[in-house]
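Hello,

I am passing this structure on to you, and I would be glad if you could open it before reading further. My notes follow below.

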Amino acid sequence: MIPYDLESKHQVLLFEGSQVKMPIPQQPSHNAQQPRQITQNPSLYAKSFASFMSALQKGEFTKLVLSRTSEWEWDNNERGLLDAFYRACTLYPRMMIYLAQIPGEGVWMGCTPEILVSGSGNHYRTMALAGTMSVPDTVPVRNIVWSEKNRKEQEIVADYVREAVSPYVRILEEEGPYTSRAGQLVHLKTEFHLAPKSPYNESIISTLVKALHPTPAVCGLPAKEAAAFIRENEGYDREYYSGVVGMLDEDNETNLFVNLRCGHFLNGKATLYGGGGILKDSTLGSEWNETNWKMNTILTTL
């Protein structure tokens, strides 16, 4: 696990161990407590949104990503967390589901659809995933029509990814953009397939991670300035939300994801995270709704 802000106090975490396959139980082991909302900070979000929009309107940034938290009272004992994890595996088969205990800092769980770096040897993948709508799974993806705002947001991220990886690859191919489903949400996705300039070595994955993280899908453009602006104006510490999580395997296949649709569980409280890309034509109400949609991904599992 890698934190969103590499300049923060939060450490890069490496959990060592072997992989074990096990079946997912069909039913929870006990009746879970219903989460009770404590706070979701609408006034803080509105204040931050105004600051972000002002910077965009002045032309200081092409895009910014504004996120927030909501806090819920929930008995996050070990059995309840495992049940939530199993529910997530069943509900979201196309996402990467993880549950990670951090000594002294509680537990993180996430259901993320976004690959940062995946692959091995001469073939790696990454993606540009931006633009979000809440669409029932009964609606075919071919019938979904995207707004200009969502298309522009996705294009910004795709351009960044293409430019960021180009110096390190000898082959770069792409698919998309196309509509991709993640639970009750859909996104615009461009998938990139790349062959490194040299075969796998210990530095190629770290090189790609450093080149990509944080992408404009979780930060903004220009990236360095956007990261500093978010640090000063978002109003809270993202910790591991929108960082990197996944499996690093030097001998086989590495699969690293952007840590989205996640929650932090500690001392009977669940802190859920959600964010969205802000452009000059964004509106407070629509962006607030988008963060709720994304938080519901985890909330549903509880």
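Arg261 sits in the loop between β11 and β12 (262-266). Its phi is near 50°, which is a positive value in a residue other than glycine. Please keep in mind that this is a predicted model. Is Arg261 buried or exposed? Buried: its relative accessible area is 5%, and the cut-off for that word is under 20%.

There is another residue to look at in this respect, Asn267, in the loop between β12 and β13 (269-278). Asn267 has a positive phi of about 50° although it is not a glycine. Asn267 counts as exposed, because its relative accessibility is 73% and the cut-off is over 50%.

Now to the sheet. Which strands form it, and in what order? Six strands make up an open sheet, arranged β7-β8-β6-β5-β11-β10, with antiparallel pairing. At the edges are β7 and β10 (244-247); each has a single partner strand, so one side of each is left without a neighbour in the sheet. On average, neighbouring strands of this sheet are turned by 15° against each other, direction ignored.

Strand β5 (residues 115-120) is a good place to start looking around in the sheet. It is mostly covered, with five of its six residues buried. On one hand, β5 is joined to strand β11 (residues 254-258) by four bridges, and the two run antiparallel. Within this pairing, Val117 stands opposite Leu256, and Gly119 has Thr254 as its bridge partner. On the other hand, three bridges link β5 with strand β6 (residues 123-134), again antiparallel. Here Ser118 of β5 stands opposite Arg125 in β6. β5 and β6 also form a hairpin with two residues between them, and Gly121 in the turn has a positive phi of about 55°.

Helices pack against this sheet as well. Helix α3 (residues 148-165) lies across β6, β7 and β8 (185-196), and it runs at about 165° to β6. Helix α6 packs on the sheet too, touching β6 and β8, and its direction makes about 120° with that of β6.

α6 (residues 284-299) has a helix partner, α1 (residues 42-57): their axes come within 11 Å and cross at roughly 125°. Why are they called oblique to each other? Angles over 145 degrees count as roughly antiparallel and 65 to 115 as roughly perpendicular, and the angle of α1 and α6 fits neither range, so the two are oblique. The crossing of α1 past α6 is right-handed. Which residues meet there? From α1 they are Pro42, Tyr45, Ala46 and Phe49, and from α6 Leu284, Glu287, Trp288 and Thr291. By kind, the residues of this contact divide into six nonpolar, one polar and one charged.

Finally, two peptide bonds are worth finding on your screen. Gly176 and Pro177 are joined by a cis peptide bond with omega of about 10°, and Pro177 lies in strand β7 (residues 169-182). The bond from Leu221 to Pro222 is also cis, with omega near -5°. Pro222 belongs to the loop between β9 (220-221) and α5 (223-233).

Enjoy looking through it, and do write back with any questions.

Best wishes

Terms used: Residues are numbered from 1 along each chain as its sequence is written. This is a predicted model: local features need pLDDT of at least 70, side-chain atom pairs count only at pLDDT 80 or more; totals for chains, interfaces and linings use all residues. Side-chain values use heavy atoms; hydrogens and water are left out. Axes are lines fitted to C-alpha atoms, for helices over the stretch in contact, and angles run from 0 to 180 degrees between N-to-C directions. Angles under 35 degrees count as roughly parallel, over 145 as roughly antiparallel, 65 to 115 as roughly perpendicular and the rest as oblique. A crossing is left-handed if the near helix is turned anticlockwise from the far one by less than a right angle, and right-handed if clockwise. Contact means heavy atoms within 4.5 Å. Ala, Val, Leu, Ile, Met, Phe, Trp, Tyr, Cys and Pro count as nonpolar, Asp, Glu, Lys and Arg as charged, and the others, Gly among them, as polar. Buried means under 20% relative accessible area, exposed over 50%, partly exposed in between (1.4 Å probe, protein chains only). Two strands pair if DSSP finds at least two bridges between them.
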